Amino acid sequence: MTVEETPESVAQALQHALVGEALPDSFTLLGREWSLHRGVFPSTLSAATEVLASIVPYPSGGSFLEVGCGTGVISVTAALTGCTSVTALDINDKAVANTAANAERHGVSDRMRVLHSDMYAGLNPSDRFDVIFWNVPWTYVEDDFSLSTDLHSAVFDPGYRGQARYLAGAPEHLSDGGRLLLGTADLGDRERLDAVAAQSGMRVELLRRVRRIEEVRVMEYHLLELHAK
């Protein structure tokens with residue numbers, strides 16, 4: 001079932017990352033300690049990062065691109081899991097610094113490139129990857145919704161324009177046989193995503209679903225793969 005999360009409820013979650021003297025500068029996830037910079041969406045506000053980092057099929061010995069890297073948990077995990085080349089992108093410069101700090105903290109800076117980038121804009125035209133992944137901001141809002149803070153883009157995707165750009169631009173950066181993946185949840189608008197994919201000549205396949213009991217409700221996280229029709 002498709003459920004649309006209200007902007008008001010998501011805004012409450014954002015407050016945890018924007019205000020409060022007690023916000024920690026680190027957190028534990030996947031058995032590791034991670035640095036957390038102020039102004040970056042915390043990877044522990046939901047189970048999404050933990051779940052998706054655990055089920056993404058990282059290309060061991062290959063190249064991995066993460067769009068919207070945030071604190072860098074998934075990109076660093078990709079490097080630790082055996083990817084020889086990892087590129088992490090984020091539109092929030094604070095997230096870029098946070099990911100770089102966690103790459104250094106876990107000793108994978110030599111295998112990682114972290115770029116401040118609006119979608120694929122920071123890449124070289126010749127860059128190709130075996131896997132491209134984005135844990136998308138699944139909360140649907142209308143086209144005219146204002147992204148008034150850096151963190152809004154981590155949870156809101158007005159009109160799903162960001163996801164449309166993600167799908168449209170990915171083929172230029174996929175290696176032969178490369179895989180295009182997307183992480184979302186049952187709070188997202190799957191029918192709208194299917195329509196966006198169809199506009200890019202793609203179909204959506206559900207690879208994995210994982211249910212977690214969270215503070216307010218049982219969440220169901222989805223790992224999706226996009227295929228050319």
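**Stop 1: helix α3**

Select residues 73–81, helix α3, in this predicted model. Seven of the nine residues here are buried, so the helix is largely enclosed by the rest of the structure. To show the buried part, pick V73, I74, S75, V76, T77, A78 and A79. Then step on to G82, which follows α3. The phi of G82 is positive, near 130 degrees.

**Stop 2: the whole chain**

Zoom out. The protein chain has 229 residues, and 49% of them are buried. Colour by secondary structure: seven helices and 11 strands should appear. Now turn on contacts with a separation of 6 or more. Of these, 63% join residues 24 or more positions apart. Switch to a surface. The chain exposes about 10,500 Å², and carbon and sulfur atoms supply 48% of that area.

**Stop 3: S117 and its loop**

Select S117. Its place is the loop between β5 (112–116) and β6 (129–135). Is S117 buried or exposed? S117 counts as buried, because its relative accessible area is 5%, under the 20% cut-off.

Show the side chain of S117 and look for backbone nitrogens around its polar atom. The nitrogen of G122 lies 2.7 Å from a polar atom of that side chain. The nitrogen of A121 lies 3.4 Å from a polar atom of the S117 side chain. Next, display the residues that S117 touches, leaving out those up to four places away in sequence: L89, D90, I91 and G122. G122 therefore appears twice at this stop, in the polar pair and in the list of residues touched.

**Stop 4: two positive phi values**

Stay in the loop between β5 and β6 and select M119. Its phi is near 55 degrees, positive although the residue is not glycine. Most residues other than glycine have a negative phi. M119 is buried, with a relative accessible area of 10%.

Now jump to Y160, in the loop between β8 (156–158) and α6. What is the phi of Y160? The value is near 55 degrees, again positive in a residue other than glycine. Y160 is buried too, at 2% relative accessibility.

**Stop 5: α6 against α7**

From Y160, move into helix α6, residues 161–169, and add helix α7, residues 190–199. Two packed helices are described by the angle between their axes and the distance between the axes. Here the axes come within 9 Å and cross at roughly 35 degrees. The crossing of α6 past α7 is right-handed.

Show side chains at the contact. From α6, select Q163, A164 and L167; from α7, select L193, V196 and A197. The residues of this contact divide into five nonpolar, one polar and no charged.

**Stop 6: L174 in β9**

Finish on strand β9, residues 174–185, and select L174. This leucine is buried, with a relative accessible area of 19%. The cut-off is under 20%, so L174 qualifies as buried.

Draw a C-alpha to C-alpha distance from L174 to F129 and read 5.0 Å. In sequence, the two are 45 residues apart. Which residues does L174 touch, not counting those up to four places away in sequence? Select R128, F129, I132, R179 and L180. F129 and I132 fall within β6 (129–135), a strand already named at Stop 3.

Key: Residues are numbered from 1 along each chain as its sequence is written. This is a predicted model: local features need pLDDT of at least 70, side-chain atom pairs count only at pLDDT 80 or more; totals for chains, interfaces and linings use all residues. Side-chain values use heavy atoms; hydrogens and water are left out. Helices (H or I, at least four residues) and strands (E, at least two) are DSSP runs, numbered from the N terminus. Buried means under 20% relative accessible area, exposed over 50%, partly exposed in between (1.4 Å probe, protein chains only). Contact means heavy atoms within 4.5 Å. Accessible areas come from the Shrake-Rupley method with a 1.4 Å probe; for residues, only the protein chains shown count as cover. A polar contact is a pair of N or O atoms within 3.5 Å; within protein, one must be able to donate a hydrogen and the other to accept it, and residues adjacent in sequence count only if both atoms are side-chain atoms. Axes are lines fitted to C-alpha atoms, for helices over the stretch in contact, and angles run from 0 to 180 degrees between N-to-C directions. A crossing is left-handed if the near helix is turned anticlockwise from the far one by less than a right angle, and right-handed if clockwise. Ala, Val, Leu, Ile, Met, Phe, Trp, Tyr, Cys and Pro count as nonpolar, Asp, Glu, Lys and Arg as charged, and the others, Gly among them, as polar.
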